[in-house]
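Visitor: I am new to this structure. Please take one part of it and go through that part closely.

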Amino acid sequence: MLVYHLPGTFETREHHLDLLWEAGATGLEERRGLIRAYFDDRAALPAEIGDGEWLEEAEQDWQAEFKRTLKPVQAGRVTIVAPWQQQEVPAGQLPLVIEPGMAFGTGHHATTRMAVEALGELDLSGKRVLDVGTGSGVLAIAAALLGAGWTLGVDIDPVTIPIARENAGVNGVQASQAQFEEGTLGLGDLDVLEDAPFDVLVANLYAELHDLLAGEYAAHMQPSAPLILTGILTGKLPLVRSALGREGFADVQVREDGEWALVTARRA
């Protein structure tokens, strides 16, 4: 059995997990600060994955070990779980079921967790919520479970859209509650984005993309609507703050978790 050893955890390396799956990994396991990616054959891995090591090991039941080590993630009023963990959701919590490895956004990364927590602090009843860069759909689905009237998840990666729709169905979220479409802001390729400004906008993207899209965020939001941005390394906070100031956003606040930050603000 070929195993690629990569320093880090599912949380610190969430941005790399999809790359491992796409390269042909048959399973992932986290153990003592190390990610173990199982392959049938040695694969050509993207350079951005970085400093790992290929080792050959005896066969083992990695699926059982993966399920044993993966833990539910509590994010405010929502607990994010894999399908086999649904009985582990505490009483009073909203369960959000995501199949690990299906697309970016399992909930184990600090950025996803903080965004779900921030959504849970808002009154979403009847609100229109836009999730930019939806990935697995976790944030749009969370908004729907938290009472949003309608959520729209958009992503430029066509692979993510059917997965997000499937995840919505698993969570009992109907198509009338959450819609997922390929596309993004500023391209003019989605009429549904132009129907009416949104009451809440959430985006889990890199700081550079927040800088690029800040004007589009403002253009697609109601006055005084809350904005939730994450996926931001703390060292990139000045870039995001500058972009929000440039576009007139107010009440800018920052939360940090290790090297990652979440920024909230309100459209002027």
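Guide: What follows is a close look at one helix, α6, and then at the nonpolar cores.

This is a predicted model, in which local features need pLDDT of at least 70 and side-chain atom pairs count only at pLDDT 80 or more, while totals for chains, interfaces and linings use all residues. Residues are numbered from 1 along each chain as its sequence is written, and side-chain values use heavy atoms, with hydrogens and water left out.

Helix α6 covers residues 207–219; helices here are DSSP runs of H or I with at least four residues, strands are runs of E with at least two, and both are numbered from the N terminus. The 13 residues of α6 reach 19 Å from the first C-alpha to the last, close to the 18 Å expected at 1.5 Å a residue (the expected span is 1.5 Å times one less than the number of residues). A kink of about 55 degrees is centred on L213, where the bend is the angle between axes fitted to the seven residues ending there and the seven starting there.

L213 is also one of the buried residues of α6, together with A207, H210, A214, Y217 and A218. Buried means under 20% relative accessible area, exposed over 50%, and partly exposed in between, with a 1.4 Å probe and protein chains only. These buried residues pack against β8 (128–132), β11, β12 (226–233) and α7 (237–246), contact being heavy atoms within 4.5 Å.

With α7, the meeting residues are A207, E208, H210, D211 and A214 on the α6 side and L239, V240, A243 and R246 on the other. The axes of the two helices come within 9 Å and cross at roughly 10 degrees; they are lines fitted to C-alpha atoms over the stretch in contact, with angles from 0 to 180 degrees between N-to-C directions. α6 and α7 are therefore roughly parallel to each other, a label for angles under 35 degrees, against over 145 for roughly antiparallel, 65 to 115 for roughly perpendicular and oblique for the rest.

Next come the cores. A nonpolar core is a set of buried Ala, Val, Leu, Ile, Met, Phe, Trp, Tyr and Cys residues joined through side-chain atoms within 4.5 Å. The largest has 33 residues, and L119 and L124 are among those touching the most other members. Its largest share, 7 residues, comes from α4. A second, separate core of 29 residues includes L190, L193, F198 and A203.
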